[in-house]
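Here are a few notes to read alongside the structure. Take a look at it first, then go through the points one by one.

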Amino acid sequence: MPTDPKPLHPYTQALLAAVPVADPVVEATRKRVPVSGEVPSAMNPPSGCRFHTRCPLAMDRCRHEDPALRDLGAGRAVACHLHDMAAQ
Ligand code: SF4
């Protein structure tokens, strides 16, 4: 799968937004996405979406239902309930 500079998954977006930018002007003005909560255990992953404990956009459905991987075409796919809702 190709690497895309604009990830569709909200947790990936949040992680990339946490990476510091070497330019101090850009760093001082760029939008930040808060990432808080517990890091999910790989040995005992949480129910529902594996990222719901730290995803800034998690909703109740995310805690109970594992999102299906949705093929978006052009070599892109995402597993997120927000994209399920956008497609309806
Ligand atoms: S399914 Fe929910 S918790 Fe998982 S990435 Fe999407 S919004 Fe976040």
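The points below start with the whole chain and then turn to a few residues.

1. One thing to keep in mind: this is a predicted model. The chain contains four helices and two strands. If you walk along the sequence, you meet them in the order α-α-α-β-β-α.

2. How far does the chain stretch? Its C-alpha trace spans about 40 × 35 × 25 Å along the principal axes.

3. Now for burial: the chain has 88 residues, and 12% of them count as buried. As for contacts with a separation of 6 or more, 24% come from residues 24 or more positions apart.

4. Have a look at Pro 20. You'll find Pro 20 in the loop that links helix H1 (10-17) and helix H2 (24-29). Is Pro 20 buried or exposed? Pro 20 has 8 other C-beta atoms within 10 Å, so it is exposed, since the cut-off for exposed is 12 or fewer.

5. Pro 20 also makes a handy pair with Arg 50: they sit 30 residues apart in sequence, and their C-alpha atoms are 25 Å apart in space.

6. Next up is Ala 74, in the loop between strand E1 (70-73) and strand E2 (76-78). Ala 74 isn't a glycine, yet its phi is positive, about 55°. Most residues other than glycine have a negative phi. That makes Ala 74 worth a second look, with its positive phi.

7. Why does Ala 74 count as exposed? Because it has 8 C-beta neighbours inside 10 Å, and 12 or fewer is the cut-off for exposed.

Note on methods: Residues are numbered from 1 along each chain as its sequence is written. This is a predicted model: local features need pLDDT of at least 70, side-chain atom pairs count only at pLDDT 80 or more; totals for chains, interfaces and linings use all residues. A residue is buried if 20 or more other C-beta atoms lie within 10 Å of its own, exposed if 12 or fewer, and partly exposed in between; C-beta atoms are placed from the backbone. Two residues are in contact if their C-beta atoms, placed from the backbone, lie within 7 Å.
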